[in-house]
Amino acid sequence: MKRAMSDLVAKFQSLSIAAPALSKEQSAFSTQWQSVLHAGQVEQQLDQLNLFLRDNTFLVATLQPTETDVQLFEAVLPLSKQLVASTKDTKDVYAKYRHVFRWVDYLQQLLQVPGADQLALNHDLELPHEVV
Amino acid sequence: MVAQISFNKEASPSNYFNYAANLKLALAIEYATKDLKKIEINDDNKTAQFVNGDFSLFNANAILCYAMDDFAGQDSDEFHYALASLEALFRQKDIPQEHASECVQKALASYLTELSATPSSLQLITFVNAFTLDPEQVIAKFPEFPEGIKKALALVAKHTPRTSAGFKH
């Protein structure tokens, strides 16, 4: 039995971005993020997500986004908006989750999320250098 | 480069979460494919992790699937149920035991109908999540576990700190 597809996943599929053949390592990344998503651990794993996106453009270490990116994005978008809205120290939040926000911003443009629902980012904010 | 696994030795987020993660890691060691047979246990790291050169994973389900090189069934209802209905309970402060038992009962009736000597990664994920929530019910259905699971249970007992708070194992 197939579960209902979300509007964003349907929109992503309409973009005709070919699903790449995954290596064993990429399949494991996919399992990792699907597990985080389905077990309701996205908020708890936001630091891990940021760390992963520091070293990878997308969640399955592919050159283009996959459905896993879109499914996680649906959960991360409201969390990101909440993070930015609930602090006065915006710079600190931007610095801490800079890679998550980069990824969210790319996907919200790609999926043409309506302006009012987007994470509003100040691209002129000067962030401190990242200590790796 | 020898692959390394470290078990979760932290007290948080919950005993259920830690036990399930560690049992999956122990099963990853027991059921690893031949190319990964020499997995070392790294006792210095205190969180669940698999490292092989530059490649690393922090999620126990992903580590188990990677070690077994078995990613089948992840778009199935069983995978979704094992995570969204069973594993999602592990982080709750007070797990409603009656509800957990009902969920385990459904998992045993609908998905975990058998436990062969060579189970799939998906069967093992469902097994661990059900066993963690309600071991008595799982043992009642499967009085004799396959050898790999028995060895993994012995291994996880050595590597999971024992605490008393509301935990059946």
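# Values Set Against Their Criteria

User: How many disulfides does the rule give over all chains?

Analyst: The count comes to zero over all chains, a disulfide being a pair of cysteine sulfur atoms within 2.5 Å. This is a predicted model, in which local features need pLDDT of at least 70, side-chain atom pairs count only at pLDDT 80 or more, and totals for chains, interfaces and linings use all residues; side-chain values use heavy atoms, with hydrogens and water left out. Residues are numbered from 1 along each chain as its sequence is written, while chains are lettered from A and ligands numbered from 1 in the order in which they are written.

User: What makes Cys65(B) and Cys103(B) buried?

Analyst: Relative accessible area decides: buried is under 20%, exposed over 50% and partly exposed in between, with a 1.4 Å probe and protein chains only. Cys65(B) has 1% and is therefore buried. Cys103(B), at 7%, is buried because this value also meets the limit.

User: How is confidence in the two chains expressed?

Analyst: It is given as pLDDT, the predictor's confidence in each residue, from 0 to 100. Chain A has a mean of 90, with 95% of its residues at 70 or more. Chain B averages 91, and 95% of the residues score at least 70. Within chain A, the lowest confidence is in helix α5 (residues 90–96), at a mean of 86, and the highest in α2(A), at 97. Helices here are DSSP runs of H or I with at least four residues, strands are runs of E with at least two, and both are numbered from the N terminus. The model scores ipTM 0.92 and pTM 0.92.

User: Which residues touch the most other members of the largest nonpolar core?

Analyst: Trp103(A), Leu23(B), Phe50(B) and Phe127(B) do so, in a core of 95 residues. Its largest share, eleven residues, comes from helix α1 (residues 15–30) of chain B. The term nonpolar core denotes a set of buried Ala, Val, Leu, Ile, Met, Phe, Trp, Tyr and Cys residues joined through side-chain atoms within 4.5 Å. Helix α1 of chain B also holds Ala21(B), which is buried at a relative accessible area of 8%. Ala21(B) and Ala48(B) are 27 residues apart in sequence, yet their C-alpha atoms are 7.3 Å apart in space.

User: Why does Phe55(B) count as buried?

Analyst: Its relative accessibility is 11%, so Phe55(B) falls under the burial limit. Phe55(B) is found in strand β4 (residues 55–57) of chain B. Beyond neighbours within four places in sequence, Phe55(B) is in contact, meaning heavy atoms within 4.5 Å, with Glu25(A), Ala28(A), Phe29(A), Phe50(B) and Tyr66(B). One aromatic cluster joins Phe29(A), Trp33(A), Phe52(A), Phe50(B), Phe55(B), Phe58(B) and Tyr66(B).

User: What makes the aromatic pair of Tyr97(A) and Phe101(A) tilted?

Analyst: Rings of Phe, Tyr and Trp (its six-membered ring) pair if their centres lie within 6.5 Å; planes under 30 degrees apart are stacked, over 60 edge-to-face, and the rest tilted. By this rule the count is 15 aromatic pairs over all chains. Tyr97(A) and Phe101(A) are 6.5 Å apart, centre to centre, with 45° between the planes, so the pair is tilted. Both Tyr97(A) and Phe101(A) are buried.

User: What angle between the planes accompanies the pair of Phe127(B) and Phe145(B), and what is the pair called?

Analyst: The angle is 85°, with 5.2 Å centre to centre, and the pair is edge-to-face. Phe127(B) lies in helix α5 (residues 121–133) of chain B and Phe145(B) in the loop between α6 (135–141) and α7 (147–159), so the pair ties together parts that are 18 residues apart in sequence. Phe127(B) counts as buried at 0% relative accessibility, and Phe145(B) at 11%.

User: How do you know that the charged end of Lys24(A) sits over the ring of Tyr66(B)?

Analyst: The criterion requires NZ of Lys or CZ of Arg within 6 Å of the ring centre and within 35 degrees of the ring normal. The charged end of Lys24(A) sits over the ring of Tyr66(B), 4.4 Å from its centre. The charged end of Arg91(B) sits over the ring of Phe17(B), also 4.4 Å from its centre.

User: Is Ser16(A) buried or exposed?

Analyst: Ser16(A) is exposed, because its relative accessible area is 64%. Ser16(A) is placed in the loop between α1 (7–14) and α2 (24–38) of chain A, and its phi is near 55°, a positive value in a residue other than glycine. Most residues other than glycine have a negative phi.
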